[in-house]
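This briefing introduces one protein structure to a reader who is new to the subject. Please look at the sequence and the model below before reading the notes that follow.

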Amino acid sequence: QSYKIACDADDLEAQAEACLYLGIVFNQNQQFDDAVTNFQKNYEIVQILCENDQTGAKGYLKKVEMARLFLGIALGNSRSNSYMHLVNDDITSLLRWRNSRIYPSFE
């Protein structure tokens, strides 16, 4: 509802804030795909605001970094089920992947 109102008012700051809070709520309720969608919108909008803020006075760069952080956490949460399945149910594939990695040489 608040996102729609912000869109109707053509208020980018309000849209970014609404997406951020919706993402937080979805993430807390373990609706990770919806959280990712909202955090992605928040990130995109805040990037636009940052690009439009030539002086840097409004602190949008910090908001971009926070949006990136929230998006990364939500993406990690959305992929955790498949990772835990791999750890709990398919340890052979996990070990095969682990043993196939190439490590850098520090010589």
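Leu-69 is found in helix H4. The model in which it appears is a predicted one. With a relative accessibility of 44%, Leu-69 counts as partly exposed, because that class covers values between 20% and 50%. Leu-69 also belongs to a nonpolar surface patch, together with Met-66 and Ile-73. The points below take up this patch, a salt bridge, the largest pocket, and several single residues.

**The nonpolar patch**

- The patch made by Met-66, Leu-69 and Ile-73 has an area of about 250 Å².
- A residue must have over 30% relative accessible area to be part of a patch, and Leu-69 has 44%.

**The salt bridge**

- How many salt bridges does the model contain? The count comes to one.
- The partners are Arg-68 and Glu-65, whose closest N and O atoms are 2.9 Å apart. This pair qualifies as a salt bridge because the cut-off for such a contact is 4 Å.
- Both Arg-68 and Glu-65 lie in helix H4. They are three residues apart, which is about one turn of the helix.
- Are these two residues buried, partly exposed or exposed? Arg-68 is partly exposed at 41% relative accessibility, and Glu-65 is partly exposed with a relative accessible area of 40%.

**The largest pocket**

- The largest pocket holds about 250 Å³ of space.
- Its lining consists of 14 residues, and those closest to the centre of the pocket are Glu-17, Leu-20, Asn-42, Val-46 and Lys-63.
- Which elements give two or more residues to this lining? They are helix H2 (12–28), helix H3 (32–52) and helix H4 (60–89).
- Helix H2 supplies the largest share of the lining, with six residues.
- Sorted by class, the lining has 10 nonpolar residues, three charged residues and one polar residue.

**The loop between H2 and H3**

- Gln-30 is located in the loop between H2 and H3.
- Its relative accessible area is 61%, so Gln-30 counts as exposed, a class that begins over 50%.
- What is notable about the backbone here? Most residues other than glycine have a negative phi. Gln-30 is not glycine, yet its phi is positive, near 60°.

**Residues in helices H3, H4 and H5**

- Thr-37 lies in helix H3 and is partly exposed, with a relative accessible area of 42%.
- Along the sequence, Thr-37 and Gly-23 are 14 residues apart. In space, their C-alpha atoms are 7.6 Å apart.
- Phe-70 is a residue of helix H4. Its relative accessible area of 25% makes Phe-70 partly exposed.
- Phe-70 and Tyr-43 are 27 residues apart along the chain, and 8.9 Å separates their C-alpha atoms.
- Leu-94 lies in helix H5, which spans residues 91–100.
- Is Leu-94 buried or exposed? Leu-94 counts as buried, because its relative accessibility is 18% and the limit for this class is under 20%.
- Leu-94 and Gly-23 are 71 residues apart in sequence, with 31 Å between their C-alpha atoms.

Methods: Residues numbered from 1 in each chain as written. Predicted model: local features only at pLDDT ≥ 70, side-chain atom pairs only at ≥ 80, totals over all residues. Heavy atoms only, no water. 1 Å grid on protein atoms, 1.4 Å probe; cavity = no way out; pocket = protein on both sides within 12 Å on 5 of 7 lines; lining within 4 Å. Points joined across faces, edges and corners; volume = space filled by probe spheres on them. Helix = DSSP H or I, 4+ residues; strand = E, 2+ residues; numbered from the N terminus. Nonpolar A, V, L, I, M, F, W, Y, C, P; charged D, E, K, R; others polar. Buried < 20%, exposed > 50% of the residue type's maximum accessible area, 1.4 Å probe, protein only. Patch = residues over 30% accessible without salt bridge, like charges linked within 9 Å, V, L, I, M, F, W, Y side chains within 5 Å. Areas by Shrake-Rupley, 256 points an atom, 1.4 Å probe, with all protein chains shown as cover. Salt bridge = Lys/Arg side-chain N within 4 Å of Asp/Glu carboxyl O.
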